[in-house]
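Biologist: Could you take me through one part of this model slowly? I would like to see how a helix sits against its partners, and where empty space is left.

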Amino acid sequence: MRRYDCMVSLAGLLTDELVVLSLGGSVDEWYTAAPHMRAASLFQQQLGCVTPEAFGLAVGLPHRRVVSLDTDGGLLFNLGILATLGNEQPPNLFVVVWDNERYQSIGGPPTHTASGRVDLAGIARASGVTEAHTARTVEEFAAHCAAGLAAEVPYLVVAKVSGETVPGIRRKHSDGREDKYVFVRHVEESEGIVIMGPSEHN
């Protein structure tokens, strides 16, 4: 199944959630699939940091649903976050792992999941994330999205996606610094809080 088709399915279920996603090809695909989530999405986070950042948001905003759009390569950089989720059990965190079995953004060398022996959902379950699943069709993925967004425990779905390029994807014309401010201001406005106040140098 294609990652973009899964994104379209997930985007249709989101309204006021917060989303953290990795760098690479998923950035432009999510930008195209979920334009209504532009301000609520923190783009281009580094490998190994996506789900930890989403966990921090989930703990800091326990009344808000947070979605992590991680990758197989990114999660493999920091498997310890699965043990943290198993221990802390954030009830408002939904984790999607796009598993295309390769580091696509640097030319496609295989990740460990390409061997067929490494099961990221199995690792998550062994770490205490009991609701950890693998989806191989868009229909399975959509069902897990609905369940994950309604769950009261951390919920993880590994989406086994192809590396197929989707035509018509719009490029996101902003850098990481701008994305950060757009996201922070969205959180401030929607939560009625101040995260980054006026600079003393203004």
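What follows is a close look at one helix, its partners and the spaces beside it.

Modeller: This is a predicted model: local features need pLDDT of at least 70, side-chain atom pairs count only at pLDDT 80 or more, and totals for chains, interfaces and linings use all residues. Residues are numbered from 1 along each chain as its sequence is written, and side-chain values use heavy atoms, without hydrogens or water.

Start with helix H1, residues 3–11 (helices are DSSP runs of H or I, at least four residues, numbered from the N terminus). Its axis comes within 9 Å of the axis of helix H2, residues 26–33, and the two cross at roughly 40° (axes are lines fitted to C-alpha atoms over the stretch in contact; angles run from 0 to 180 degrees between N-to-C directions). H1 and H2 are therefore oblique to each other (under 35 degrees is roughly parallel, over 145 roughly antiparallel, 65 to 115 roughly perpendicular, the rest oblique). H1 passes H2 in a right-handed crossing (the near helix is turned clockwise from the far one by less than a right angle; anticlockwise is left-handed).

Who touches whom? From H1 come Arg-3, Tyr-4, Met-7, Val-8, Leu-10 and Ala-11, and from H2 come Ser-26, Glu-29, Trp-30, Thr-32 and Ala-33 (contact means heavy atoms within 4.5 Å). Seven of these residues are nonpolar, two polar and two charged (Ala, Val, Leu, Ile, Met, Phe, Trp, Tyr, Cys and Pro are nonpolar; Asp, Glu, Lys and Arg charged; the others, Gly among them, polar).

H1 also packs on helix H7, residues 138–150. The angle is about 35°, and the axes are 10 Å apart. This crossing is right-handed. Asp-5, Cys-6, Ser-9 and Leu-10 of H1 touch Val-138, Phe-141, Ala-142, Cys-145 and Leu-149 of H7. That contact holds seven nonpolar residues, one polar and one charged. Leu-10 of H1 appears in the contact with H2 and in the contact with H7.

Now look for empty space. The count comes to one cavity of 30 Å³ or more (on a 1 Å grid over the protein atoms alone, points where a 1.4 Å probe fits but cannot get out). Its volume is about 40 Å³ (the space filled by probe spheres set on the points, which are joined across faces, edges and corners). Lining it are Arg-2, Arg-3, Tyr-4, Glu-29, Gln-104, Ser-162, Gly-163, Glu-164 and Val-166 (lining residues have an atom within 4 Å of a point). By class, that is two nonpolar, three polar and four charged residues. Tyr-4 and Glu-29 of this lining also belong to the contact of H1 with H2.

The largest pocket has a volume of about 360 Å³ (a pocket is an open set with protein on both sides within 12 Å along at least five of seven lines). It is lined by 25 residues, and Arg-3, Gly-24, Gly-25, Gln-104 and Ser-105 lie nearest its centre. H2 and helix H4, residues 72–76, each supply at least two lining residues. H4 gives the largest share, three residues. The lining has eight nonpolar, 12 polar and five charged residues. Arg-3 ties the picture together: it is in the contact with H2, in the cavity lining and among the residues nearest the pocket's centre.
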